[in-house]
Amino acid sequence: MVIEPIIKGVVARSAHPYGCRAAVKQQIDYVKQAASIKNGPKRVLILGASSGFGLASRIALTFGGSQADTIGVSFERGPSDKGVGSAGWYNNIFFKQEAEKEGRIAINIVGDAFAKETREQVIEAIETYFEGEVDLVIYSLATGIRPDHNTGNKWVSSIKPIGDSVTGATVLLEDDSWLESTIEPATDIEIESTIKVMGGSDWESWIDTLINNESLADGCKTVAFSYIGSEANYPIYRDGTLGWAKVDLHQASHSLNLKMAYFNGSAHVSVCKALVTKASVFIPTLTPYLIALYKAMKDNGTHEGCIEQMQRLFATKLYGQEIIPVDAERLIRIDDLEMDANIQAQVKIMMASMTADNFKSIGDYQAVKKEFMQTNGFELEGVDYTQDISMEELQALAKQTTKAK
Ligand code: NAI
């Protein structure tokens, strides 16, 4: 079969395996020539390792100077009679192949990070491959649902404003259409559920599990990712349900930091740049901001993707420094280039005049769309998209992934 892109709304329903391989290799090539990570961790657990910031962290730490071995947890679909599977599933496989070529250990655990079985599998993998301890835990899950083990129900997140409604546009990547909508404010239950799903409590419970199993090495660090943004997107992000969940995550970093001190380690949140990922295109009204931001940062020569962000985070903030540089709220700011006043001024001007008629020319919609396609393995140079790929050849790759029972 020839694998074609299938997009529904803002969700990719297909992925190109060999495009994903090319994307992983591109990121590896980047970190190999970038400023190197010094005194980095050797045994790393990444929760949410298959795409976006989690995958970029994994690549940076393995190939960007630290030569880390990694255990990556993700929730992805392999090939089946329902389809070819998800991009993250192929990213896992091809990352592992490349890491093993260089003698690194790369364990992929595909399962629900909220499930007890997945945690047990991670602990077992730490025992088996890492002599029982990790040096760094990266928390990079992005999801809309978290099971509540006490009640058997699920918390479902809602990406909504709080207090007032927000009117704005979303671009449907499926057919490049501009869709104006008004999002009503979240209810108290929606706010609370979003905090449960995207706040800090699951990160804390993961660290507790690792502490209880004596899996944290001396000097172990942990980091999770956040976003703050600017006036241009405060109503839907910082001042909305996601922003409140991120405040909860920031607070969790402070209590975790006290726990990590017992191990001479630390817990931090890194505030990252807005980027096109599987998760971010889901945020209503954020796409016009991304379109303007990509244009402004590319014109100014300061644009970074997930891989540039993560390499810079580990090389210049989290490792190789006497003291981790943080702001007044103890947050690492790797969103500094996005927050530059000149960039934000340009974004503001573009957004003020962006409409359904001009959004493709006023900012850089082409770059946003291309990045979305590339996160699903399409539109990468050097990949033969006309090649015939058999299901058997894809299923043979499945042997390389450990499945949580
Ligand atoms: P992503 O969608 O690219 O990656 C999410 C990862 O979580 C994937 O590996 C996925 O398999 C995994 N995952 C989701 N549910 C899971 C589950 N139940 N069990 C196991 N694994 C699961 O997302 P992205 O954008 O890289 O987000 C990661 C973090 O970075 C999030 O906290 C997000 O808020 C934050 N962030 C994202 C920004 C952006 O613009 N994309 C900006 C700043 C922060």
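# Exercises on a predicted model

The lining of the largest cavity consists of seven nonpolar residues, two polar ones and no charged ones. The model is predicted, and each exercise below is to be worked on it.

**Exercise 1. Find which residues line the largest cavity and state how much space lies in it.**

Step 1. By the rule applied, the count comes to one cavity of 30 Å³ or more.
Step 2. The space in the largest cavity is about 30 Å³.
Step 3. The residues lining the largest cavity are P5, I6, I7, A12, S14, F372, M373, N376 and F378.
Step 4. Sorted by class, this lining gives seven nonpolar, two polar and no charged residues.

**Exercise 2. Classify the aromatic pair Y18 and F94 as stacked, tilted or edge-to-face, and locate both residues.**

Step 1. The structure holds ten aromatic pairs.
Step 2. For Y18 and F94 the distance is 6.1 Å centre to centre, with 50° between the planes.
Step 3. Planes under 30 degrees apart would be stacked and those over 60 edge-to-face; the pair of Y18 and F94 is tilted.
Step 4. Y18 belongs to helix α1 (residues 17–33) and F94 to helix α3 (residues 87–101); the two are 76 residues apart, and the pair links distant parts of the chain.
Step 5. Y18 and F94 are both buried.

**Exercise 3. Repeat the classification for F53 and F225, and say which parts of the chain the pair ties together.**

Step 1. The ring centres of F53 and F225 are 5.7 Å apart and the planes stand at 45°, so this pair is tilted.
Step 2. Because F53 lies in helix α2 (residues 52–63) and F225 in strand β11 (residues 216–226), the pair ties together parts 172 residues apart in sequence.
Step 3. F53 and F225 are buried.

**Exercise 4. Identify the rings over which the charged ends of K221 and K273 sit.**

Step 1. K221 has its charged end over the ring of Y319, 4.3 Å from the ring centre.
Step 2. K273 has its charged end over the ring of Y294, 5.0 Å from the ring centre.

**Exercise 5. Determine how the buried residues of helix α5 are arranged when seen down its axis.**

Step 1. In helix α5 (residues 188–198), the buried residues are I191, S193, T194, V197 and M198.
Step 2. Down the axis of α5 these buried residues fall within an arc of 170°, so they line one face of the helix.
Step 3. The face of α5 turned away from the buried side carries D188, I189 and E192, which are exposed.

**Exercise 6. Give the phi values of N39 and R330 and place both residues in the chain.**

Step 1. As background, most residues other than glycine have a negative phi.
Step 2. N39, not a glycine, has a positive phi near 55°.
Step 3. N39 sits in the loop between α1 and β3 (43–47). Its relative accessibility is 69%, so N39 counts as exposed, the cut-off being over 50%.
Step 4. R330 is not a glycine either, and its phi is positive at about 65°. The loop between α9 (306–318) and β13 (331–333) contains R330.

**Exercise 7. Is Q366 buried, exposed or partly exposed?**

Step 1. Q366 is part of helix α12 (residues 365–375).
Step 2. The relative accessible area of Q366 is 46%, so Q366 is partly exposed; that class lies between under 20% and over 50%.
Step 3. For the surroundings, take K295: its C-alpha atom and that of Q366 are separated by 9.7 Å, with their positions 71 residues apart along the chain.

Terms used
Residues numbered from 1 in each chain as written. Predicted model: local features only at pLDDT ≥ 70, side-chain atom pairs only at ≥ 80, totals over all residues. Heavy atoms only, no water. Helix = DSSP H or I, 4+ residues; strand = E, 2+ residues; numbered from the N terminus. Buried < 20%, exposed > 50% of the residue type's maximum accessible area, 1.4 Å probe, protein only. Phe/Tyr/Trp six-rings, centres within 6.5 Å; stacked < 30°, edge-to-face > 60°. Lys NZ or Arg CZ within 6 Å of the ring centre and 35° of its normal. 1 Å grid on protein atoms, 1.4 Å probe; cavity = no way out; pocket = protein on both sides within 12 Å on 5 of 7 lines; lining within 4 Å. Points joined across faces, edges and corners; volume = space filled by probe spheres on them. Nonpolar A, V, L, I, M, F, W, Y, C, P; charged D, E, K, R; others polar. Arc of directions from axis to C-beta.
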